[in-house]
Amino acid sequence: MKALHFGAGNIGRGFIGKLLADAGIELVFADVNQVVLDALNARHEYPVHVVGEQAKVEIVTGVSAVNSTSDDIVTLIAEVDIVTTAVGPQILERIAGGVAKGLAKRSDSGNVRPLNIIACENMVRGTSQLKQHVLNALPEQYHAWVEAHVGFVDSAVDRIVPPSEAGTTDPLEVTVETFSEWIVDKTQFKGELPNIPGMELTDNLMAFVERKLFTLNTGHAITAYLGQLAGHATIRDAILDEKVRAVVQGAMQESGAVLIKRYGFEADKHAAYIQKILSRFENPYLKDDVERVGRQPLRKLSAGDRLIKPTLGTLEYQLPHDNLVQGIAAAMHYRSEADPQAQELVALLAEKGPQATLAEISGLDADSEVVTSVVSAYNAMA
Ligand SMILES: NC(=O)C1=CN([C@@H]2O[C@H](COP(=O)(O)OP(=O)(O)OC[C@H]3O[C@@H](n4cnc5c(N)ncnc54)[C@H](O)[C@@H]3O)[C@@H](O)[C@H]2O)C=CC1
Ligand SMILES: O=P(O)(O)OC[C@H]1O[C@](O)(CO)[C@@H](O)[C@@H]1O
């Protein structure tokens, strides 16, 4: 079996690429970072530091790499069995053109072996969105062939993988927590279901996607935003701050109440899931900066993402959302010199003020009670 994985970054090397390679699948990474590409092709292996009480270094072997903007992608897509991505939601549209050309070549060459494509991004049904971009870039004559031979499989991906420790000189080294969860929608595969240890199959993906994105990621983002406001540099320091922790836990519980209503999760199991997440944020072996976890605040404040979507759920079911409101207000205070979305947020706030800015980014009604509450909290935090 052969796989092409777009994005040799933290999740690519530290999680999805590792699982594929560990399963004995011949793995080629596609990326645009020349330093990483050269190192992968020179060494064909890299170290993964799995940190926890029993730390270990695992070596991923037998890998190679191609530039994602080259025609190598087209050739590979015509022949591989599985394509995965971990590039970031905003990059999916950019890689779709190459994927479309590869699918056309695959069809022209008469390769009718099933191909499955799985986007592993922090978004709801990211692969379905990638599929739409690919179909937009693919001549109509290939659409029926793609429907018949290519599975676009949605997934939920959970492992905290910050950039490697400052000070390492190895561009391939990656540090990961022990916990990991990769859940894929088994109803969307073409051909036989793959047997990849660490990949879980489900026919109820939406529940898992929302459980992960609107608990772990909701809590993580709010820890980052409140943590930065309180002057903490790392997620661990932030979550050990009792004031931050109370809001983070409260927000995950508010979001959880929506998930319990929507998907029928058992309340005590969901409470345990939240406690496990809090302990993951406290992980003393990971140095995870609040700036990384808060990255791209416009994406995180958009209608379908980890802050607004749970809040909309609380409105739907008439449930409390005071802590989520605090989290949204804190997100509007996120600052990062290195993050273009943080700069855009600052510019929007300066031009329009918090009420119109939040309405524009989130799609919430500017005159709604929830926007009024966020603006009060935002002003109080200032
Ligand atoms: N790091 C984490 O803890 C987790 C991240 N995720 C998700 O995984 C995705 C990737 O995140 P990270 O690995 O943290 O980011 P990252 O920034 O470490 O890796 C992204 C990689 O994509 C590459 N890339 C950019 N443009 C590309 C293109 N056109 N073609 C191919 N490669 C391209 C970058 O050079 C980089 O190596 C995101 O959607 C994120 O939300 C999900 C769960 C955990
Ligand atoms: O910020 P993004 O791009 O959504 O992805 C990183 C997030 O996903 C996570 O890896 C959780 O799976 C966290 O580390 C972080 O909150």
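The following exercises, each with a worked solution, concern a predicted model of one protein chain.

**Exercise 1. Overall form**

Task: Find how the radius of gyration of the protein chain relates to that of a compact globule with 382 residues.

Solution:
- Step 1. For 382 residues, a compact globule would have a radius of gyration near 21 Å.
- Step 2. The protein chain has 21 Å, so the value agrees with that of a compact globule.
- Step 3. Along the principal axes, the C-alpha atoms fill a box of roughly 60 × 45 × 45 Å.

**Exercise 2. Make-up of the chain**

Task: State how many helices and strands the protein chain has, and what share of its residues is buried.

Solution:
- Step 1. There are 16 helices and 12 strands in the protein chain.
- Step 2. Of the 382 residues, 56% are buried.
- Step 3. Take the contacts between residues at least 6 apart in sequence: 73% of them join residues at least 24 apart.
- Step 4. The accessible surface is about 15900 Å², and carbon and sulfur atoms account for 49% of that surface.

**Exercise 3. An annotated domain**

Task: Describe the helix and strand content of residues 204–381.

Solution:
- Step 1. An unreviewed UniProt entry lists these residues as "domain: Mannitol dehydrogenase C-terminal".
- Step 2. Over residues 204–381 the chain is 73% helix and 0% strand.
- Step 3. The end C-alpha atoms of this stretch lie 40 Å apart.

**Exercise 4. Phe-6**

Task: Decide whether Phe-6 is buried or exposed, and place Phe-6 in its strand.

Solution:
- Step 1. Phe-6 is among the residues covered by the UniProt annotation "binding site", which comes from an unreviewed entry.
- Step 2. Phe-6 belongs to strand E1, residues 2–6.
- Step 3. The relative accessible area of Phe-6 is 1%. Buried means under 20%, so Phe-6 is buried.
- Step 4. Not counting residues up to four places away in sequence, Phe-6 touches several residues, including Ala-30, Ser-68, Ile-73, Val-83, Thr-84, Ile-95 and Val-99.

**Exercise 5. Arg-13**

Task: Determine which backbone oxygen the side chain of Arg-13 reaches, and whether Arg-13 is buried or exposed.

Solution:
- Step 1. The same "binding site" annotation in UniProt also covers Arg-13.
- Step 2. Helix H1, residues 10–22, contains Arg-13.
- Step 3. Arg-13 has 5% relative accessibility, so Arg-13 counts as buried.
- Step 4. Leaving aside neighbours within four places in sequence, the contacts of Arg-13 include Phe-29, Tyr-46, Val-48, Pro-171, Leu-172, Glu-173 and Val-174.
- Step 5. The side chain of Arg-13 reaches the backbone oxygen of Pro-171, at 3.5 Å.

Methods
Residues are numbered from 1 along each chain as its sequence is written. Chains are lettered from A and ligands numbered from 1 in the order in which they are written. This is a predicted model: local features need pLDDT of at least 70, side-chain atom pairs count only at pLDDT 80 or more; totals for chains, interfaces and linings use all residues. Side-chain values use heavy atoms; hydrogens and water are left out. UniProt positions are given in the numbering used here, feature names are shortened, and annotations may be inferred rather than shown by experiment. Helices (H or I, at least four residues) and strands (E, at least two) are DSSP runs, numbered from the N terminus. Buried means under 20% relative accessible area, exposed over 50%, partly exposed in between (1.4 Å probe, protein chains only). Contact means heavy atoms within 4.5 Å. A polar contact is a pair of N or O atoms within 3.5 Å; within protein, one must be able to donate a hydrogen and the other to accept it, and residues adjacent in sequence count only if both atoms are side-chain atoms. The radius of gyration is taken over C-alpha atoms; the globule rule is 2.2 Å times the number of residues to the power 0.38. Accessible areas come from the Shrake-Rupley method with a 1.4 Å probe; for residues, only the protein chains shown count as cover.
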